[in-house]
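Here is a short report on one protein chain. Keep the sequence and the model side by side as you read.

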Amino acid sequence: MGRSSYTFDFFELPLLLRTELTLGGRSFYAMAGAYGSVLLRADETDADGAMSPMGAGDRVDVGLLAAGGVSLATSPRGHLFAELRYQHGFQSLLPSSDQKHQVVSLLLMRYGKASESLVARQAIYLSTAVLPA
């Protein structure tokens with residue numbers, strides 16, 4: 001028999017402290033802090049592929065977040081950064097489990113000038129939840 005999978009959509013607001021070190025023209029940084037999140041939607045997909053809304057555990061979560069990154073390239077048109085994040089929540093995601101909100105993310109970001117007065121930010125955000133087997 002197959003296993004169910006779960007999809008959670010959160011709105012998150014992090015509060016981070018950042019430190020930065022520049023070596024040989026390359027910038028390295030580390031961040032740490034806390035976040036608050038609100039669960040917007042929770043779905044369960046059963047072994048047959050049928051998706052249905054599910055009752056989640058706590059809808060509001062707080063947790064800790066740590067990240068590190070590096071500048072990959074700098075040009076007159078902008079900056080390219082890569083960042084790795086880990087976050088760990090304190091509330092249960094499922095009503096029948098003690099599984100906490102844990103996420104590992106890789107971000108690729110580009111900051112640059114879109115016009116004389118506007119700074120544009122584009123990000124590719126790859127994220128996966130860390131769940132036990």
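## A polar residue on the inside

Start with Asp61 in this predicted model. What does Asp61 touch, once residues up to four places away in sequence are set aside? Asp61 touches Tyr35, Gly36, Ser37, Gly89, Phe90, Gln91 and His101.

Asp61 belongs to strand β4, which covers residues 60–75. Is Asp61 buried or exposed? The relative accessible area of Asp61 is 3%. Buried means under 20%, so Asp61 counts as buried. The side chain of Asp61 also reaches a backbone atom: the nitrogen of Phe90, at 3.1 Å.

## The overall plan

Now step back to the whole chain. How many helices and strands does the protein chain have? The count is zero helices and seven strands. Along the sequence, the pattern reads β-β-β-β-β-β-β.

The protein chain has 133 residues, and buried residues make up 27% of them. About 8800 Å² of the protein chain is exposed. Carbon and sulfur atoms supply 61% of that area. Next, take the contacts in the protein chain with a separation of 6 or more. Residues 24 or more positions apart account for 53% of these contacts.

## The nonpolar core

In soluble globular proteins, nonpolar side chains tend to be buried together. Which residues form the largest nonpolar core here? This core has eight residues: Tyr29, Met31, Tyr35, Leu65, Ala67, Phe81, Leu107 and Met109. Strands β2, β4 and β6 (100–113) each supply at least two residues of the core. The largest share, three residues, comes from β2.

Pick out Leu65 from this core. Leave aside its neighbours within four places in sequence. Leu65 is then in contact with Pro14, Leu16, Met31, Ala32, Gly33, Tyr35, Arg85, Tyr86 and Gln87. Among them, Met31 and Tyr35 are also members of the core.

## Two rings that meet

How many aromatic pairs does the structure hold? It holds one aromatic pair. The partners are Tyr29 and Phe81, arranged edge-to-face. Their ring centres are 6.2 Å apart, with 70 degrees between the planes. Tyr29 sits in strand β2 (residues 26–45), while Phe81 sits in strand β5 (residues 78–92). The partners are 52 residues apart in sequence, so the pair ties together distant parts of the chain.

Both Tyr29 and Phe81 are buried. Tyr29 has another partner too: Arg18 lies over the face of its ring, at 3.9 Å from the ring centre.

## Far in sequence, and in space

Two more residues show how sequence and space can be compared. Ala42 has its place in strand β2. Is Ala42 buried or exposed? Its relative accessibility is 5%. The cut-off for buried is under 20%, so Ala42 counts as buried. Ala42 and Phe8 are 34 residues apart along the chain. Their C-alpha atoms are separated by 4.6 Å.

Thr22 is found in strand β1, which spans residues 5–23. The relative accessible area of Thr22 is 52%. Exposed means over 50%, so Thr22 counts as exposed. What separates Thr22 from Ser71 in sequence and in space? They are 49 residues apart in sequence. In space, C-alpha to C-alpha, Thr22 and Ser71 are 9.5 Å apart.

Definitions and conventions:
Residues are numbered from 1 along each chain as its sequence is written. This is a predicted model: local features need pLDDT of at least 70, side-chain atom pairs count only at pLDDT 80 or more; totals for chains, interfaces and linings use all residues. Side-chain values use heavy atoms; hydrogens and water are left out. Helices (H or I, at least four residues) and strands (E, at least two) are DSSP runs, numbered from the N terminus. Buried means under 20% relative accessible area, exposed over 50%, partly exposed in between (1.4 Å probe, protein chains only). A polar contact is a pair of N or O atoms within 3.5 Å; within protein, one must be able to donate a hydrogen and the other to accept it, and residues adjacent in sequence count only if both atoms are side-chain atoms. Contact means heavy atoms within 4.5 Å. Rings of Phe, Tyr and Trp (its six-membered ring) pair if their centres lie within 6.5 Å; planes under 30 degrees apart count as stacked, over 60 as edge-to-face and the rest as tilted. A charge sits over a ring if NZ of Lys or CZ of Arg is within 6 Å of the ring centre and within 35 degrees of the ring normal. Accessible areas come from the Shrake-Rupley method with a 1.4 Å probe; for residues, only the protein chains shown count as cover. A nonpolar core is a set of buried Ala, Val, Leu, Ile, Met, Phe, Trp, Tyr and Cys residues joined through side-chain atoms within 4.5 Å.
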